[in-house]
Amino acid sequence: AAPGPRSYTTLRDEAVKLFNSLQQLELERDPVPLMQGVLQTCLDLPPLVDEIYCQLVKQTTEPLAPGGQGDLHYWQLLTCMSCTFLPSPPVLRFLRFHLDRTESRFPSSEMAKYACFIREALGKTKGRQCVPSLEEILVLMRRQEMICTVHCPGAPACSVAISSHTTAEEVARELVSRLGLSQSPNLFALYEQSRRREQPVGSATLLADVLTRFE
């Protein structure tokens, strides 16, 4: 199920809990639920976003085993963070320096590939309403796109590749082009349908947030 409402203590206590979670992340065989928990805490408590970014930069600087499983778990969480939250300008500058340094020191490595992906994501991220779904986290760990299935009236269902930054308007435009309706005078929009209701998806809404709600 998608993360539900949580109760929190003080920011200081939550920061300590997050630090402990990061320590545990290095040893986790299935890090995805733990990553989603960290992301949810940051969404609920925005002042901790910079703290987690700084901790992740620290953990990925001079690791004991560069490119090892524990090191890559940190890079994978950093990837998810970059697709969900923007840090403050000073932390962003610090982070970009870290990414440049990593690519320079470890060219063609998995860490360098994550660093490149993160830099590009930071240029597109504007903030999320929901944390990434478990499926999205798995996709981000592989630096890939998700496949979203859209059901079109009077036409077969369409599969569309989306990223964490793809909006409903962008998907609607692609579908209109695929269906040969570019010259149609009608307006087109995406709708989110559940058992209880059907509602239009705002043009600027991120499809990844819609998929998280379905999860």
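The chain I am showing today is divided into domain 1, residues 11-141, and domain 2, residues 146-214, with bounds that come from an automatic or database domain assignment. Please keep in mind that this is a predicted model, in which local features need pLDDT of at least 70 and side-chain atom pairs count only at pLDDT 80 or more, while totals for chains, interfaces and linings use all residues. Residues are numbered from 1 along each chain as its sequence is written, and side-chain values use heavy atoms, with hydrogens and water left out.

Let me begin with how the two domains sit against each other. Taken over C-alpha atoms, the centres of domain 1 and domain 2 are separated by 29 Å, and 14 residues of domain 1 are in contact with 8 residues of domain 2, where contact means heavy atoms within 4.5 Å. The size of an interface is often given as the accessible area lost when the parts come together. Here the two domains bury about 970 Å² between them, with 56% of it on carbon and sulfur atoms; this buried area is the accessible area, for a 1.4 Å probe, that two parts lose on being put together, summed over both. On the domain 1 side, the residues that lose the most area to domain 2 are R128, C130 and E136, which together account for 39% of what that side buries.

Which side chains meet in a salt bridge between the domains? The count between domain 1 and domain 2 is 1 salt bridge, and in it the side chains of D209 and R128 meet at 2.7 Å, N to O, the rule being a side-chain nitrogen of Lys or Arg within 4 Å of a carboxyl oxygen of Asp or Glu. As for secondary structure, helix α7, residues 134-141, gives the most to the side of domain 1 that touches domain 2, with 3 residues; helices here are DSSP runs of H or I with at least four residues, strands are runs of E with at least two, and both are numbered from the N terminus.

Turning to the whole model, the salt-bridge count comes to 11. One of the pairs is E110 with R143, whose side chains meet at 3.2 Å, N to O. This pair links distant parts of the chain, since E110 lies in helix α6 (residues 110-122) and R143 in the loop between α7 and β1 (146-150), 33 residues apart.

Finally, the annotation: an unreviewed UniProt entry places the feature "domain: FERM" at residues 146-215, and such annotations may be inferred rather than shown by experiment. That span is 27% helix and 23% strand, and its end C-alpha atoms lie 14 Å apart.
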